[in-house]
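I opened my notebook to look up a few things in one structure. I wrote down each thing as I found it.

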Amino acid sequence: MESVIQVKNLTVFYENNQAIKNISFNAEKGNLIGIVGPNGAGKSTLIKAILGLEKALGSVTVLGMEVNDVRKQVSYVPQRNQIDWDFPVLVEDVVMMGRFRHIPWYKRAGKKEREIMIDSLEKVGMLEYRKRQIGELSGGQQQRVFIARALAQQADVFFLDEPFVGIDVTSEDIIIRLLRQLRDAGKTVFVVHHDLSKVEEYFDQLLLINKELVEFGAVKEVYKPDILSKTYKGSMTLFGASNDMMVVSN
Ligand code: ADP
Ligand code: MG
């Protein structure tokens with residue numbers, strides 16, 4: 001299989017706090033990968049370090065290159081609480097931002113760009129809201145618009161940080177369906193995910209972290225009580241055997 005992301009000894013410090021420690025893994029093309037771990041485990045930090053948005057020690061290659069050289073092919077949907085939802089911008093303009101890296105600075109967005117924007121909004125069921133302010137929408141609708149922006153970018157690698165937090169069931173269904181389609185089309189999708197109950201249903205592979213990498217592998221191999229308790233330490237209670245395991249995050 002083709003390697004998409006190679007991470008070696010990735011380490012991030014905030015002041016004296018080591019948020020992630022010596023994380024190494026290789027991810028292959030065409031997978032839907034969940035990044036899981038307790039609050040403060042460094043999930044968001046890991047994504048930002050891979051994207052070059054946070055200063056890190058160690059090395060990262062994306063599609064065999066430095067991330068700065070493949071920005072166009074990498075799409076990022078930040079955690080909802082990192083977005084200023086009061087910023088006055090129309091839904092269609094948010095999605096057009098996904099095209100900016102594709103448009104030379106001396107050109108205006110043309111017909112093709114608008115078609116991609118319309119198609120992306122249609123895929124998330126938000127086309128009729130295109131002239132609305134982003135701040136007027138519900139949480140789920142806002143998240144769908146950000147997914148449309150990521151789709152419009154036509155990237156090969158996607159990073160979504162807790163996309164299902166604070167959204168309605170319909171939006172969650174639409175988003176997971178789209179992420180599966182991307183995976184089936186050979187894209188690689190990373191999703192930071194907090195709620196363990198959907199992990200087996202949603203992901204092909206899991207990357208379990210708690211500052212350090214605990215385990216990375218197929219869901220079948222790593223979604224196991226011993227690995228989960230190592231990841232969540234005291235912050236979780238497990239009931240039952242592996243197949244009908246119930247997990248309660250404290
Ligand atoms: P997660 O996404 O798994 O909840 P984060 O990556 O957000 O974890 O945070 C990991 C650790 O780094 C936490 O202890 C958090 O408080 C700290 N941290 C995150 N961002 C910053 C920052 N910008 N400055 C200082 N500390 C931070
Ligand atoms: Mg986070």
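The entries below go through the ligands, then a strand, then a helix.

**Entry on the model.** I noted before anything else that this is a predicted model.

**Entry on ligand 1.** I asked which residues are around ligand 1. I listed Y14, N17, A19, P38, N39, G40, A41, G42, K43, S44 and T45. Helix α1 gives the largest share of this shell, three residues. Strand β2, residues 17–28, and α1 each supply at least two residues.

I then looked up polar atoms facing the ligand's oxygen atoms. A polar backbone atom of A41 is 3.1 Å from an oxygen atom of ligand 1. For G42, a backbone N or O atom is 3.0 Å from an oxygen atom of the ligand. In the case of S44, an N or O atom of the side chain is 2.9 Å from an oxygen atom of ligand 1. I also wrote down the cover: on its own, ligand 1 has 560 Å² of accessible area, and the protein covers 60% of that.

**Entry on the magnesium ion.** Which residues coordinate ligand 2, the magnesium ion? I found S44, through OG, and Q79, through OE1, at 2.1 to 2.7 Å. S44 lies in helix α1 (residues 43–50), while Q79 lies in the loop between β5 (74–77) and α2 (91–97), so the pair ties together parts that are 35 residues apart in sequence.

I checked whether these two are buried or exposed. S44 has a relative accessible area of 17% and is buried. Q79 is also at 17% and counts as buried. The cut-off I used for buried is under 20%.

**Entry on strand β5.** The loop that holds Q79 comes after β5, and I looked at this strand next. Both of its faces are covered. V74 and Y76 are buried on one side, and S75 and V77 are buried on the other. Strand β6, residues 157–161, runs parallel to β5, and four bridges join the two. I looked up V77 in particular, and its bridge partner in β6 is L160.

**Entry on helix α8.** Where do the buried residues of α8 sit around the axis? In this helix, residues 225–232, the buried residues are I227, L228, T231 and Y232. They cover an arc of only 120° around the axis, so they are on the same side of α8. The face turned away from that buried side carries D226 and K230, which are exposed. My last note is on K233, which follows α8 and has a positive phi, near 45°.

Methods:
Residues numbered from 1 in each chain as written. Chains lettered and ligands numbered in written order. Predicted model: local features only at pLDDT ≥ 70, side-chain atom pairs only at ≥ 80, totals over all residues. Heavy atoms only, no water. Donors = N, O, S within 2.8 Å, 3.2 Å for Na, K, Ca; no water. Buried < 20%, exposed > 50% of the residue type's maximum accessible area, 1.4 Å probe, protein only. Pairing = 2+ DSSP bridges. Arc of directions from axis to C-beta. Near = heavy atom within 4 Å. Polar contact = N/O pair within 3.5 Å; in protein donor to acceptor, adjacent residues only side chain to side chain. Areas by Shrake-Rupley, 256 points an atom, 1.4 Å probe, with all protein chains shown as cover.
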